[in-house]
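Subject: Structure for your review

Dear colleague,

Please find below the structure I am handing over to you. My findings follow directly after it.

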Amino acid sequence: MRGLIDALRRERVLPRAELAGLIREISDGDMPYLFDAARETARSRFGNRIYTRGLIEFTNYCRCDCYYCGIRRSNRQAERYRLTQEEILACCRAGYALGFRTFVLQGGEDPYFTDERICELVRAIKSSWPDCAVTLSIGEKEHSSYRLYRKAGADRYLLRHETASPAHYRRLHPPEQTPQRRRQCLWSLKELGYQVGAGFMVGSPYQTPENLADDLLFLHELSPQMAGIGPFIPHHQTPFSAFPAGTLRQTLLMVALTRLILPNALLPATTALGTIAPDGRERGVLAGANVVMPNLSPVGVRKQYALYDNKICTGDEAAECRACLQNQMRSIGYELAVDRGDFVPE
């Protein structure tokens, strides 16, 4: 296995069968070797700096019906909310004072937030805080919509591909949501000059090592500037409520392999990692991640943005979240960076 790890670090890609074999067969004894390689790769490019993004979950209405998601359209028990533009700007104001220079506007695919409203919101943030980056994470849109957001000043866009296997994708989504459409959106975003984030769940229902190998190969092909990789965690009000969560071991494995494939990418140690293990985010950083995303959303709505069960930090104020993360990162020899944290190509 160490030979394969060395080859991946050198070549940044392996054949599908070798990747799947590595994912399936890597031993506990070889995992530290992989983590060391991933961590050294990240530190050689970023030092001990961990980039922060202020997350604002501004709507939990969604027109989509993904089988794994707690805010899916069919969940009639979800308590829905939308933040006003004034509330969103108040989150940014508080975040700026805490040192955040990137704001991530994340929400369901909510028809209320038309292109005009999104563009107005982006312009308002960029006007008030011109030294900050604005990241959107609002799902699949038309190419023309992405162009409007970019023109309004949006810098980055997060759209996890979820799974690169078309057959697996269809087992996680209703028929009207297609893998072809998801990929088309990602390529459109790249064409328009966004810093693009893709990514996938680890341990999702029906997933195989071959599916995970496909995810890595797709990331290599797309070459996104960001990749969000976190464990599947079931939500009790979805069709997948009885499926087990993805494991910490498997998620850290995929984070580390992604770091070797995308040495310069911005890889978050996700909230979901911190949800399945108390030290999950620290261990994510030690496996090659270099981004954390504290929550700037109003405390009153955080529990309602429930993509999965038992999400952490739903009761903390933004300052508490940031201070806690800073202490966690310092405990393992890292520091939170106070800047935009843009992607820098080789």
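Leaving aside residues up to four places away in sequence, S137 touches L105, Q106, G107 and L158. Please note that this is a predicted model. S137 is found in strand β4, and the UniProt record, an unreviewed entry, places the feature "binding site" at this residue. Because its relative accessibility is 12%, below the 20% limit, S137 counts as buried.

I then turned to the cavities. The structure holds five cavities of 30 Å³ or more, and the largest has a volume of about 1100 Å³. S137 appears here again: of the 49 residues that line the largest cavity, the closest to its centre are Q106, S137, R160, E162 and L307. Among the elements that each supply at least two residues of this lining are β2, β3, β4 and α11, while β7 gives the most, with six residues. The lining of the largest cavity divides into 28 nonpolar, twelve polar and nine charged residues.

The second largest cavity encloses about 60 Å³ of space. Its lining includes L55, T271, R281 and K311, and by class it has seven nonpolar, two polar and two charged residues.

Finally, helix α6 spans residues 143-152, with S145, Y146, Y149 and A152 buried. Seen down the axis of α6, these buried residues fall within an arc of 125°, so they line one face of the helix. They pack against α5, β4, β5 and α8. After α6 comes G153, whose phi is positive, near 125°.

With kind regards

Key. Residues numbered from 1 in each chain as written. Predicted model: local features only at pLDDT ≥ 70, side-chain atom pairs only at ≥ 80, totals over all residues. Heavy atoms only, no water. Buried < 20%, exposed > 50% of the residue type's maximum accessible area, 1.4 Å probe, protein only. Helix = DSSP H or I, 4+ residues; strand = E, 2+ residues; numbered from the N terminus. Arc of directions from axis to C-beta. Contact = heavy atoms within 4.5 Å. UniProt positions renumbered as here; feature names shortened; annotations may be inferred. 1 Å grid on protein atoms, 1.4 Å probe; cavity = no way out; pocket = protein on both sides within 12 Å on 5 of 7 lines; lining within 4 Å. Points joined across faces, edges and corners; volume = space filled by probe spheres on them. Nonpolar A, V, L, I, M, F, W, Y, C, P; charged D, E, K, R; others polar.
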